[in-house]
Amino acid sequence: MPPTDGYTVGRLAGIAGVTVRTLHHYDEIGLLSPGGRTPAGYRRYGDEDLDRLQQILFYRELGFPLEEIAAILDDRSVGPSEHLRRQHRLIGDRIRHLQDLAAAVERAMEARTMGIQLTPEEKFEVFGPDYDENWEAEAERKYGGSEPWEQSRRRTGAYTKADWEEVRAEGEEINSRLVAAFTAGLPAGSERAMDIVEAHRRQITARFYDCTYEIHRGLAAMYLADPRFTATYEQLAPGLAQWTHDAILANADRHGG
């Protein structure tokens with residue numbers, strides 16, 4: 001930058017995009033004092049003052065308090081090159097921080113797209129303490145883009161907390177019926193057992209996606225293959241996971257699916 005005859009406080013404020021009042025404040029606290037004065041006593045800033053103001057505004061943009069900025073800029077052991085390297089690092093940190101924020105916003109948008117529009121507290125209340133938000137991302141990785149996934153996304157997109165509580169209550173009622181039939185010693189292929197798992201299939205269809213008998217068979221297989229699903233049924237009654245699996249297959253056979 002070529003040397004100048006200096007800048008009035010108004011001109012410097014205009015160049016830097018700050019207010020005159022801000023420059024007066026910086027002068028008062030000793031952060032940026034003008035390099036000279038006019039014969040009439042008015043502030044006159046030089047090129048070095050403009051450079052220092054640029055440094056101040058950079059650190060302010062990154063959220064540094066004025067006292068810390070003063071300490072940084074007045075440290076005579078740090079030369080201009082080191083200041084630039086430090087600024088480069090800080091800018092990199094800011095970029096990464098903004099990228100993290102952007103990713104968080106994207107995750108929130110994805111959660112809304114998936115239809116589970118509940119706060120973490122509401123998810124705890126509706127789905128219980130064992131609910132893991134990571135399951136949502138896992139489900140999308142496995143099934144995202146499939147027709148059942150898209151159906152579920154569309155149907156649950158407007159669900160409220162009350163809607164999800166109804167879904168949970170329906171699921172608990174079906175599970176209670178499964179436990180009662182199982183503990184009563186009914187075979188998995190009995191009419192009662194098959195009627196219960198048919199209600200299960202229909203509840204999925206009504207609330208989430210069109211659960212064909214083929215898809216229901218796939219769910220039955222998952223109840224045994226995935227330890228998390230197996231544990232859900234085994235906690236209700238030891239042996240219930242296998243029994244439910246067998247009942248679903250028998251029901252599918254009954255309906256030719």
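Me: At what angle do helix 9 and helix 13 pack, and how far apart are their axes?

Reply: Two packed helices are described by the angle between their axes and the distance between the axes. This is a predicted model. In it, helix 9 (residues 161-183) and helix 13 (residues 240-254) pack at about 100°, and their axes are 11 Å apart. Angles of 65 to 115 degrees count as roughly perpendicular, and helix 9 and helix 13 are therefore roughly perpendicular to each other.

Me: Which residues meet where helix 9 packs on helix 13?

Reply: Helix 9 contributes Leu178, Val179, Ala181 and Phe182, and these meet Leu240, Trp243 and Thr244 of helix 13. By class, the residues of this contact between helix 9 and helix 13 are 6 nonpolar, 1 polar and no charged.

Me: What angle do helix 1 and helix 2 make where they cross?

Reply: The axes of helix 1 (residues 9-16) and helix 2 cross at roughly 110° and come within 9 Å. Helix 1 and helix 2 are therefore roughly perpendicular to each other as well. On the helix 1 side the residues are Val9, Gly10, Leu12 and Ala13; on the helix 2 side they are Val20, Leu23 and His24. The contact of helix 1 with helix 2 has 5 nonpolar and 2 polar residues, with no charged ones.

Me: Now the overall picture. How many helices and strands are there in the protein?

Reply: The protein has 13 helices and 2 strands. Of its 257 residues, 33% are buried. Among contacts with a separation of 6 or more, 58% are between residues 24 or more positions apart.

Me: How many salt bridges does the structure hold?

Reply: The structure holds 16 salt bridges. To read one, take the N to O distance, then ask where the two partners sit along the chain and how exposed each of them is. A pair within one helix makes a simple start: the side chains of glutamate 82 and arginine 85 meet at 3.1 Å, N to O. Both residues lie in helix 5 (residues 80-114), 3 residues apart, which is about one turn of the helix. Glutamate 82 is partly exposed, with a relative accessible area of 28%, and arginine 85 is partly exposed too, at 46%.

Me: Which residue forms a salt bridge with arginine 207?

Reply: The partner of arginine 207 is glutamate 166, and their closest N and O atoms are 3.1 Å apart. This pair links distant parts of the chain, with arginine 207 in helix 10 (residues 191-207) and glutamate 166 in helix 9, 41 residues apart. Buried means under 20% relative accessible area, so arginine 207, at 14%, counts as buried. Glutamate 166, at 42%, counts as partly exposed.

Me: Which parts does the salt bridge between arginine 254 and aspartate 195 tie together?

Reply: The side chains of arginine 254 and aspartate 195 meet at 3.2 Å, N to O. Arginine 254 lies in helix 13 and aspartate 195 in helix 10, so the pair ties together parts that are 59 residues apart in sequence. Arginine 254 has a relative accessible area of 32% and is partly exposed. Aspartate 195, at 39%, also counts as partly exposed.

Me: Which residues are joined into one network by salt bridges that share partners?

Reply: The network consists of Asp27, Arg37 and Arg43. Aspartate 27 is found in helix 2 (residues 20-28). Is this residue buried or exposed? Aspartate 27 is buried, with a relative accessible area of 14%. Its side chain also makes a polar contact with the side chain of serine 33, at 3.1 Å. Leaving aside neighbours within four places in sequence, aspartate 27 is in contact with Leu32, Ser33, Pro34, Arg37 and Arg43.

Me: One loop residue to finish. Where is the place of phenylalanine 208?

Reply: Phenylalanine 208 is in the loop between helix 10 and helix 11 (213-225). At 18% relative accessibility, phenylalanine 208 counts as buried. The contact list shows what surrounds the residue: apart from neighbours within four places in sequence, phenylalanine 208 is in contact with Gln151, Ser152, Arg155, Thr156, Trp164, Val167 and Gln203. For threonine 156 there is also a backbone distance: its C-alpha atom and that of phenylalanine 208 are separated by 6.8 Å, although the two residues are 52 apart along the chain.

Key:
Residues numbered from 1 in each chain as written. Predicted model: local features only at pLDDT ≥ 70, side-chain atom pairs only at ≥ 80, totals over all residues. Heavy atoms only, no water. Axes fitted to C-alpha atoms, helices over the stretch in contact; angles between N-to-C directions. Helix = DSSP H or I, 4+ residues; strand = E, 2+ residues; numbered from the N terminus. Parallel < 35°, antiparallel > 145°, perpendicular 65-115°, else oblique. Contact = heavy atoms within 4.5 Å. Nonpolar A, V, L, I, M, F, W, Y, C, P; charged D, E, K, R; others polar. Salt bridge = Lys/Arg side-chain N within 4 Å of Asp/Glu carboxyl O. Buried < 20%, exposed > 50% of the residue type's maximum accessible area, 1.4 Å probe, protein only. Polar contact = N/O pair within 3.5 Å; in protein donor to acceptor, adjacent residues only side chain to side chain.
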